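Trainee: Got a minute to go through a model with me? I'd like to start with the chains and work down to single residues.

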Amino acid sequence: MTSLTKTELTKFDRPVKAPAFRRVGTARRIKNNLATVVFALCFAIALVPLGWVLWMVVSEGIGAIVSSTWWTHSQKGILPDQSGGGVYHAIYGTIVQSAVAAAIAVPLGIMAAVYLVEYGRGRLAKVTTFMVDILAGVPSIVAALFVFALWIATFGAPQSAFAVSLALVLLMLPVVVRSTEEMLKLVPDELREASYALGIPKWKTIVRIVIPTAAPGMISGMLLALARVMGETAPVLVLVGYAKSINTNLFDGNMASLPLLIYQELANPEAAGRERVWGAALTLILLIAALYAAAAVVNKLLTRNR
Amino acid sequence: MTVHPEVTGSDLSESTGPLPAGETAQMPNEPRTDQAAGVGTAPHSGRAETIFRSMATASGAIIVAAIALIALFLLIRAVPSLRADTVNFFTSTEFDTTDPDNLRFGIKDLLMVTVLSSVFALVIAVPIGVGIALFLTHYAPKALARPFAMLVDLLAAVPSIVFGLWGFLVLAPKIEPVQRFLNDNLGWLFLFADGNVSIGGGGTIFTAGLVLAVMILPIITSVSREVFNLTPTAHIEAALALGATKWEVVRMTVLPYGRSGVIAGSMLGLGRALGETIAVLVVLRTSAQAGNWSLFDGGYTFASKIASAASEFSSPLPTGAYIAAGFVLFALTFVVNALARLAAGGKVNG
């Protein structure tokens, strides 16, 4: 102690380094603010096309869809340069084709998801998860070509709405499997264990306990999958022809659908054609929006009742 | 995860004595009580269990089979046409199938247009998508992040034909000055050189790429968002404790952690862009000459070429030419999607 002079003592009292808390330098502050602005701008940029597309579709299409015949009539007997008529036939085709696809894809997809979550072990399960990812990435035109090569070229079936549905099944399957998988995984294991403890076999546990618990999420997942395939244009282009009037035969003959009608009328240079193009686009978006809304409502209602 | 009834099953088989090997393979999925309490439903539910499990397994197998069948049937239909092809399939820019006795089709130009438009879309969409994902996960107010994210996801809900419509009728005339400017000032670079279609028409790879960029934005954003959200809080807090600004936190913890996710998302986006059909078909103008890697070229992508000829699929040989192109597209997207999965180190959402 004696060796320490007064000056040395004060040196020890002081921190060895300058204060740790220094103000953030100007350059760093500028960079930080710049980054914030850039990221916010990126978000704003994404909203531009969304708003722009929706605005164009609504403003250009509203004139057509408020007409009294739009929802109740087909294009039968309407000339290209004549406005009027409706898209009832195309709405019918869109709904029927995607509904038939859903009728095949939903059970198949749910069972595949059950397999992956509840039973899947070993190599087949691994390959299946991989293939679901690959199937999700298969372009719609390839799915359409496949159905063409199999159903039409090999089996000799005619071009038909059912062929379109088959292609849509391929596009819908991965979406259904994914969303069902997610929902099944969310079901707590305690529920399964409680069921086993009561002596209920595994399959019954899945059917009566696991799937009902996951149902709200699964149903909204299905509706979103349906919305996704509704707007698909490539399959209808390859697999079925356009018809101006209603065709109720699923297995033969041309059948209109909204995307096909849009594509068809795009080649029509008349003002009436343009009107129909935008009108059909708005109708399609309204259908999809309705499915999205239904998905949200189902999710909310069913989850609350629990 | 799922329960592992194997444990209870094997306990059981030990306590009740040895079982034939064939039976133990199926037993493990049975809950203990079925046999132990002698409920008597065991044989019945055992059969039901087997049926149910086989149905589930079959559904999984159908998906695997579907992919194999796609490859198989496309090949079966493509091979005769490839045999009849009088020019080289990979190096020819011709695609003439009007005369079934003299098929002349090659994919060089299709490949050029497909790759150029998709890569251009990716170059635009990835930085913006990553920016949006960062904004949504680390900048936007917590209460607004979800609705904001839903807005971006809404882009994915718009059907591609509507994007095509918008790109062709609305966007193309609007961005014509931008294209002219790039062509006039950067024309010395091959990307902005004079193309084989008129810029005034708007149907260039440039326009198509922009539309594709908008279409793949949601997938890139959502995959990136998912990984950015997973950045360990400890990393972020450590960076903050060292006095990092928010940007430095993002640069030093969030971005390195999320890199694989960004790559996976970009790959998925690329896969989408490669296979997009109708939007490209509506937007792109066509030209008799082959393109030369300029953004102001026109032409067909694989997908739009197939779709454009779809109404003429009647005789097998010409159709096979398009199916061959479709097979190449399938192989391309298969590789890109497999890479995406690899990059993510497992399952990716999309």
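Mentor: Sure, here is a walk through the contacts, domains, core and a few helices.

Trainee: What kind of model is this, and what gets counted?

Mentor: It's a predicted model, so to speak of local features we need pLDDT of at least 70, side-chain atom pairs count only at pLDDT 80 or more, and totals for chains, interfaces and linings use all residues. Residues are numbered from 1 along each chain as its sequence is written, while chains are lettered from A and ligands numbered from 1 in the order in which they are written.

Trainee: How many residues does each chain put into the contact?

Mentor: 80 from chain A and 82 from chain B, where two residues are in contact if their C-beta atoms, placed from the backbone, lie within 7 Å. On the chain A side, helix 2 (residues 26-65) gives the most, with 18 residues. Helices here are DSSP runs of H or I with at least four residues, numbered from the N terminus.

Trainee: And what's the class make-up of that chain A side?

Mentor: 61 nonpolar, ten polar and nine charged residues. Nonpolar covers Ala, Val, Leu, Ile, Met, Phe, Trp, Tyr, Cys and Pro, charged is Asp, Glu, Lys and Arg, and the others, Gly among them, are polar.

Trainee: Switching to domains: how is chain A divided?

Mentor: Into domain 1 (23-65) and domain 2 (88-305), with bounds from an automatic or database domain assignment. Their centres, taken over C-alpha atoms, are 32 Å apart, and each domain gives eight residues to the contact.

Trainee: What about chain B?

Mentor: There, domain 1 is 6-84 and domain 2 is 104-344. Ten residues of domain 1 of chain B touch eight of domain 2 of chain B, and that domain 1 side has eight nonpolar, one polar and one charged residue.

Trainee: Which residues touch the most other members in the largest nonpolar core?

Mentor: Leu145(A), Val147(A), Ala167(A), Met172(A), Ala281(A) and Val162(B), out of 194 residues. A nonpolar core is a set of buried Ala, Val, Leu, Ile, Met, Phe, Trp, Tyr and Cys residues joined through C-beta atoms within 7 Å. Helix 6 (residues 161-186) of chain A supplies the largest share of this core, 17 residues.

Trainee: What does Val162(B) contact, beyond its neighbours within four places in sequence?

Mentor: Val53(A), Val57(A), Ala281(A), Leu284(A) and Ile285(A).

Trainee: Why does Leu108(A) count as buried?

Mentor: Because Leu108(A) has 22 C-beta neighbours inside 10 Å. The rule is 20 or more other C-beta atoms within 10 Å for buried, 12 or fewer for exposed, and partly exposed in between, with C-beta atoms placed from the backbone. Leu108(A) sits in helix 3 (residues 88-119) of chain A, and its contacts outside four places in sequence are Leu173(A), Ser59(B) and Ile62(B). Leu173(A) is 65 residues away along the chain, yet the two C-alpha atoms are 7.6 Å apart.

Trainee: OK, helix 11 of chain B: where does the helix bend?

Mentor: At Arg259(B), by about 55°, the angle between axes fitted to the seven residues ending there and the seven starting there. Helix 11 (residues 246-275) has 30 residues, but its end C-alpha atoms are only 38 Å apart, short of the 44 Å a straight helix would reach. The expected span is 1.5 Å times one less than the number of residues.

Trainee: Last one, where does Trp293(B) lie?

Mentor: In the loop between helix 12 (278-283) and helix 13 (302-308) of chain B. Its phi is near 60°, a positive value in a residue other than glycine. Trp293(B) counts as partly exposed because it has 14 C-beta neighbours inside 10 Å.

Note on methods:
Helix = DSSP H or I, 4+ residues; strand = E, 2+ residues; numbered from the N terminus.
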